[in-house]
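Biologist: Please choose one part of this model and take me through it closely, then show me how it sits among its surroundings. I work at the bench, so plain language is welcome.

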Amino acid sequence: EKGTYPYYMLKEIDEQPAVLRKLLLKYQNEANQLTIDQKIVDSILESDRVYIVAAGTSYHAGLVGKELIEKMTHIPTEVHVSSEFGYNTPILSEKPFFIFLSQSGETADSRQVLVKTNALGYPSLTITNVPGSTLSRESTFTLLLHAGPEIAVASTKAYTAQIAVLAIFSEVVGIQKGLIKHGVMLRDIGIAANAIQSIVDDKESIEELASEYLSTSRNAFYIGRGMDYHVALEAALKLKEVSYIQTEGFAAGELKHGTIALIEEQTPVIALITEKSVAGHTRGNLQETKARGAHTLAISMEGLNRPEDQIVIPHVNPLLSSLAIVIPTQLLAYYCSLHRGNDVDKPRNLAKSVTVE
Ligand code: F6R
């Protein structure tokens, strides 16, 4: 039920702190440590490479997941778009472990890959919001997102829940490999939930920025480096699907190698800045677009912020920065869609789950 909310999308954006807190409870043992089924850990410890397979927003969560898995478990990880996997099949390692990310658990493109990997006898884990869904039933293991039904076509809380589950998974595996001595994810996902709460509590300021920056534009750009680049892809998908503004997510440093030709007077360029080592470079790239007339907006994390930044999010563990920095981009998309009079929850041409290949 929508309750007092005008649209499911806003309700689901607002639910994210609660979703993360619930996840932390669901994945905690009696000793208050994060835990997952030992069979999953054993299976992944036997493997030599992880292949994440997903579509759309779930694919973007997978890009963040790759960073988390590699940093915390040192297991090489590849991320693949499910619709390409069958034709552009990567060379598989000796002992692959497959992770299917799917909110609905019904995406046909992803299922096709699972049918293949099952035929080859490879172990698989589905991370999904829907118990008993096709992907969940057909894969070796399942981890649930516990996000509650996601009704709006544009995915929001499933993205953050997927990243949180991948962070929990990575930490548990990292601890068992002896790479991590003291887990921090229980605390730090909680801190991220608080950060999200403070961002959604201040949504009016983001609504104003949506009118100021996105009310008349035909195209827009999100830029970032590293983790922020992965979030830029998701931010762009969210904005384009609900506002119909043609939006590209770009690696900030790549923009000048051609695409900067599209920057005109007043083109919105939004930079995501949560990574210390690359913040200066991203700011430089934003400046390059401003010099060519772009209407620039910076979303940065406390500690890296500058006085001119339009949105500053609270500081969180940089491994989890995506959980917090994506929230203003979800709200920008929501308000932009609302102001343009679009059907926020049911954008044209889209279905909630894509069950054809
Ligand atoms: C975007 C969106 C889609 C889905 C994609 C995968 O907001 O909702 O891109 O993320 O169709 O769906 P699932 O996760 O159900 O496999």
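Modeller: Happy to! Let's start with a salt bridge: lysine 238 pairs with glutamate 241, and their closest N and O atoms are 3.1 Å apart. The term is used when a side-chain nitrogen of Lys or Arg lies within 4 Å of a carboxyl oxygen of Asp or Glu. Before going further, please keep in mind that this is a predicted model, in which local features need pLDDT of at least 70 and side-chain atom pairs count only at pLDDT 80 or more, while totals for chains, interfaces and linings use all residues. Residues are numbered from 1 along each chain as its sequence is written, and side-chain values use heavy atoms, with hydrogens and water left out.

Lysine 238 and glutamate 241 are separated by about one helical turn, because they sit 3 residues apart in helix 11. An α-helix has 3.6 residues a turn, so residues three or four places apart point the same way. Helices here are DSSP runs of H or I with at least four residues, strands are runs of E with at least two, and both are numbered from the N terminus. Both lysine 238 and glutamate 241 are buried, where buried means under 20% relative accessible area, exposed over 50% and partly exposed in between (1.4 Å probe, protein chains only).

The burial of this pair goes with that of the helix: 14 of the 17 residues of helix 11 are buried, so the rest of the structure largely encloses it. The length of helix 11 also works out, because its 17 residues should span 24 Å at 1.5 Å a residue and its end C-alpha atoms are indeed 24 Å apart; the expected span is 1.5 Å times one less than the number of residues. Just after helix 11, tyrosine 244 takes a positive phi of about 70°.

What does the helix lie against? The sheet in question is open, with 5 strands in the order 7-6-8-9-10 and parallel pairing; strands count as paired if DSSP finds at least two bridges between them. Strand 7 (246-251) and strand 10 (311-313) are the edge strands with a single partner each, so one side of each has no neighbour in the sheet. On average, neighbouring strands of this sheet are turned by 15° against each other, direction ignored. Further in, strand 6 (residues 219-224) and strand 8 (residues 268-273) pair in the parallel sense over 3 bridges, and tyrosine 222 has isoleucine 270 in strand 8 as its bridge partner.

Helix 11 (residues 227-243) packs on this sheet, touching strand 6, strand 7 and strand 8, and its direction makes about 175° with that of strand 7. Contact means heavy atoms within 4.5 Å; axes are lines fitted to C-alpha atoms, for helices over the stretch in contact, with angles from 0 to 180 degrees between N-to-C directions. Helix 13 (residues 321-339) packs on the sheet as well, touching strand 6, strand 8, strand 9 (295-301) and strand 10, at about 145° to the direction of strand 9.

Another salt bridge brings in the loop between strands of this sheet: the side chains of aspartate 309 and arginine 283 meet at 2.9 Å, N to O. This pair links distant parts of the chain, with aspartate 309 in the loop between strand 9 and strand 10 and arginine 283 in helix 12 (residues 276-290), 26 residues apart. Aspartate 309 counts as buried, at 9% relative accessibility, and arginine 283 is buried at 11%.

For a contrast in setting, look at glutamate 70, which forms a salt bridge with lysine 66 at 3.2 Å between the closest N and O atoms. Both residues lie in helix 4 (residues 56-73), 4 residues apart, about one turn of the helix. Glutamate 70 is partly exposed at 28% relative accessibility, and lysine 66 is partly exposed at 26%. Elsewhere, Lys11, Glu15 and Lys157 are linked in a network of salt bridges. A search of the whole structure finds 11 salt bridges.

Helix 4 has a sheet beside it too: it lies across strand 1, strand 2 and strand 3, running at about 175° to strand 2. These strands belong to an open sheet of 5 strands in the order 2-1-3-4-5, with parallel pairing.
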